[in-house]
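Visitor: I am new to this structure and would like to go through it with some questions. Could you show it to me?

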Amino acid sequence: MQQQNLQQQNAQQQKLQQPNLQQQNSEQTAAMRLAAATGDFQVLHEIVAKARQNLNQNDWDYIVGAAETETTLRRNRFALDSLGLRPRVLRDVSHVDATVTALGRRLRLPIVLAPVGSLESFHDGAAASVVRAAQRFGVAHMLSSVCDPGLEKVAEAAPEATRIFQLYVRGDESFVDDHVARAIACGYTAFCMTIDTAIYSRRERDLAKRHVVAGRRRASGREFQAALDWRTVKRIKSKFDIPLALKGIATVEDARIALDHGVDWIYVSNHGGRQLDHGRGSMEVLPEIVEAVAGRAGIMVDGGFARGTDVVKALAAGANLVGLGRMQCYALAAGGEKALVRMLEILEDEVQRCLGLLGVTKFAELDRSYLHAAPSVTAPHVLSAFPLLKIDDYRY
């Protein structure tokens with residue numbers, strides 16, 4: 001009788017354990033399928049490591065470098081790391097939707113691949129590879145006017161992509177108006193002017209190596225960028241029917257002036273720390289600009305964003321889209337279009353998990369109550385979002 005009872009107890013324990021074993025096997029199988037389907041990259045830092053392996057020191061410095069002491073760059077990362085997340089529990093998060101509607105399109109993630117010049121330094125496909133990846137995955141792309149293969153050819157490369165054209169002003173009124181008209185003709189969804197490069201910065205990684213990057217070697221008409229003022233914004237808004245974004249706004253005062261001029265998108269940015277040294281981190285600036293804008297314009301932000309949790313923090317603080325510059329460059333250098341899509345897939349996984357663990361099923365449910373000031377536990381650095389990554393410093 002005792003032996004029979006023991007057998008019954010063992011059978012009951014096996015039944016209780018079976019669902020857990022099935023769940024483990026299911027998760028293991030799913031992980032194996034994911035690895036087989038998506039190639040070698042399983043975490044974002046592996047993409048960064050591959051980029052470093054593929055690039056010479058000059059091209060690597062172009063990605064990771066910043067102005068003078070690189071303080072603004074570090075503050076970008078510090079501002080993100082100094083925000084803690086406040087999760088809510090016992091909510092149904094069995095289905096998490098990371099999509100958003102922006103620029104009149106449904107985007108798979110609230111991401112815009114930010115404008116970067118000289119992408120041809122990282123991959124032969126340059127901006128054409130980037131825009132194809134954006135179309136393939138389903139995020140927005142902003143083309144820099146100092147990047148190959150140019151406005152028309154990028155449009156041809158991905159006609160269905162959500163495309164924005166960004167201009168550095170290198171000529172007079174006719175120069176600007178020509179680019180706006182061409183962007184409209186090629187189906188770009190918005191037009192952007194970068195406004196924080198009136199004076200070129202000192203980038204000491206290049207100066208110490210006596211290296212001049214390709215973009216600076218071929219740049220002309222710099223005096224027009226230095227003379228740019230609000231009159232150009234007013235003219236574009238009065239003359240052309242296309243949403244206008246201003247990239248490089250870092251104060252409430254300028255955000256308010258932009259609103260007075262009818263600007264459609266406020267792009268909060270400090271150029272990744274590559275222009276004014278000792279500026280504030282973008283994520284520190286963002287909340288006060290969101291408050292001042294009060295929904296009267298869309299808000300983009302970039303500056304140090306590298307992980308899914310970074311994206312979630314930005315949207316909880318009120319941004320509509322997050323720009324990825326360096327992450328775009330790492331992926332392009334690591335493996336072109338395919339690696340870019342893979343980077344976005346990993347980022348999407350991080351975003352979805354973060355949302356679910358916060359107790360929300362979509363970005364619209366987020367607000368500032370999910371954020372709280374918290375001490376950073378990581379020394380800020382251009383690669384501090386990847387603590388498992390170890391890259392030796394170059395001796396200048």
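Visitor: In which helix is E348 found, and is E348 buried or exposed?
Guide: This is a predicted model, and in it E348 is found in helix α15. The relative accessible area of E348 is 12%. Buried means under 20%, so E348 is buried.

Visitor: Which residues does E348 touch, not counting residues up to four places away in sequence?
Guide: E348 belongs to α15, and α5 meets α15 through residues that include F137. With residues up to four places away in sequence left out, E348 touches R108, L109 and F137.

Visitor: How are α5 and α15 set relative to each other, parallel or perpendicular?
Guide: Helix α5 covers residues 126-137 and helix α15 covers residues 326-358. Their axes come within 10 Å and cross at roughly 15°, and α5 passes α15 in a right-handed crossing. Angles under 35 degrees count as roughly parallel, so α5 and α15 are roughly parallel.

Visitor: How many residues in the contact of α5 with α15 are nonpolar?
Guide: On the α5 side the contact includes V130, A133 and F137, and on the α15 side it includes L332, L340 and L344. Charged residues take part as well, among them R132 and R136 in α5 and E337 and K338 in α15. By class there are 6 charged, 2 polar and 8 nonpolar.

Visitor: At what angle do α14 and α15 cross?
Guide: Helix α14 is made of residues 308-316, and its axis comes within 7 Å of that of α15. The crossing is right-handed. The two helices are oblique to each other, because the angle between their axes is roughly 55°.

Visitor: How many charged residues are in the contact of α14 with α15?
Guide: G308, T309, V311 and V312 in α14 meet residues of α15 that include L347, E350 and C354. The contact has 7 nonpolar and 2 polar residues, and its charged residues number 1.

Visitor: How many strands make up the closed barrel?
Guide: The barrel runs β4-β5-β6-β7-β8-β9-β10-β11, with parallel pairing. From one strand to the next the twist averages 25°. The number of strands in this closed barrel is 8.

Visitor: Which residue in β5 stands opposite V112?
Guide: Strand β4 (residues 111-113) pairs with strand β5 (residues 140-144) in the parallel sense, over 2 bridges. Helix α5 lies across β4, β5 and β6, running at about 165° to β5. Within the pairing, the residue opposite V112 is A140.

Visitor: Which residue in β9 stands opposite I249?
Guide: Strands β8 and β9 run parallel and are joined by 4 bridges. In a regular strand, side chains alternate between the two faces of the sheet. Both faces of β9 are covered, with W265 and Y267 buried on one side and I266 and V268 buried on the other. The partner of I249 is V268.

Visitor: What distance separates the C-alpha atoms of L107 and G138?
Guide: L107 is found in strand β3 and is buried, with a relative accessible area of 1%. Not counting residues up to four places away in sequence, L107 touches several residues, including G138, V139 and A140. L107 and G138 are 31 residues apart along the chain, while their C-alpha atoms are separated by 5.5 Å.

Methods
Residues numbered from 1 in each chain as written. Predicted model: local features only at pLDDT ≥ 70, side-chain atom pairs only at ≥ 80, totals over all residues. Heavy atoms only, no water. Axes fitted to C-alpha atoms, helices over the stretch in contact; angles between N-to-C directions. Parallel < 35°, antiparallel > 145°, perpendicular 65-115°, else oblique. Left-handed = near helix turned anticlockwise from the far one by under 90°. Contact = heavy atoms within 4.5 Å. Nonpolar A, V, L, I, M, F, W, Y, C, P; charged D, E, K, R; others polar. Buried < 20%, exposed > 50% of the residue type's maximum accessible area, 1.4 Å probe, protein only. Pairing = 2+ DSSP bridges.
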